[in-house]
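Here is a short report on one chain. Look at the sequence and the model first, then read on.

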Amino acid sequence: MHRQSGGLDSLTLQLRGHVNLLIAELEQAMQQSEDLRAVAGIGEARRRVSGGPSALGPMRHAQCLARSTVALCAHLGRLAVSV
């Protein structure tokens, strides 16, 4: 069981890093076109990155970070098409 927790911790750290990079990319992309949905997605992603798993538990926290990763990628894709 300890082994799974270590893997989950590692995955969570990687997801945090990915989300932070995606936030920076999205903010740069929005310099040309501000998208209110993307702004909301960035806000939610920042809350998830800054918050810990204490209230949700480690698995749910990792799932939320993964969802933010997918959402930020979708926002980037949408902005790339509209520019």
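## Thr69 and its neighbours

Thr69 touches Leu15, Val19 and Leu22, leaving aside residues up to four places away in sequence. The model is predicted. Thr69 sits in helix α3. Its relative accessible area is 16%. Thr69 therefore counts as buried, because the cut-off for that class is under 20%.

One of these contacts, Val19, leads on to the core. Val19 is among the members of the largest nonpolar core that touch the most other members.

## The largest nonpolar core

The largest nonpolar core holds 15 residues. Val19, Ile23, Leu26, Met30, Ile42, Ala45 and Leu72 touch the most other members. Two or more residues come from each of α1 (2-29), α2 (36-50) and α3 (58-82). The top contributor is α1, with six residues.

In soluble globular proteins, nonpolar side chains tend to be buried together.

What does Ile23 touch? With residues up to four places away in sequence not counted, the partners are Ile42, Ala45, Arg46 and Leu72. Of these partners, Ile42, Ala45 and Leu72 also appear among the core members that touch the most others. Arg46 is a further contact of Ile23.

## Helix α3

Helix α3 has 25 residues. From its first C-alpha to its last, α3 reaches 36 Å. That is close to the 36 Å expected at 1.5 Å a residue.

Which residues of α3 are buried? They are His61, Ala62, Cys64, Leu65, Ser68, Thr69, Leu72, His75 and Leu79. An α-helix has 3.6 residues a turn, so residues three or four places apart point the same way.

## His61

His61 also belongs to helix α3. Is His61 buried or exposed? At 3% relative accessibility, His61 is buried, because the cut-off is under 20%.

The side chain of His61 reaches the backbone oxygen of Gly51 at 3.4 Å. Gly51 is also on the contact list of His61. The other entries are Thr12, Arg16, Arg48, Gly52, Pro53 and Leu56, again without residues up to four places away in sequence.

## Gln28

Gln28 lies in helix α1. Gln28 has 51% relative accessibility, so this residue counts as exposed; the cut-off for that class is over 50%.

Gln28 and Gly77 are 49 residues apart along the chain. Their C-alpha atoms are separated by 13 Å.

How values were computed. Residues are numbered from 1 along each chain as its sequence is written. This is a predicted model: local features need pLDDT of at least 70, side-chain atom pairs count only at pLDDT 80 or more; totals for chains, interfaces and linings use all residues. Side-chain values use heavy atoms; hydrogens and water are left out. A nonpolar core is a set of buried Ala, Val, Leu, Ile, Met, Phe, Trp, Tyr and Cys residues joined through side-chain atoms within 4.5 Å. Buried means under 20% relative accessible area, exposed over 50%, partly exposed in between (1.4 Å probe, protein chains only). Helices (H or I, at least four residues) and strands (E, at least two) are DSSP runs, numbered from the N terminus. Contact means heavy atoms within 4.5 Å. The expected span of a helix is 1.5 Å times one less than its number of residues. A polar contact is a pair of N or O atoms within 3.5 Å; within protein, one must be able to donate a hydrogen and the other to accept it, and residues adjacent in sequence count only if both atoms are side-chain atoms.
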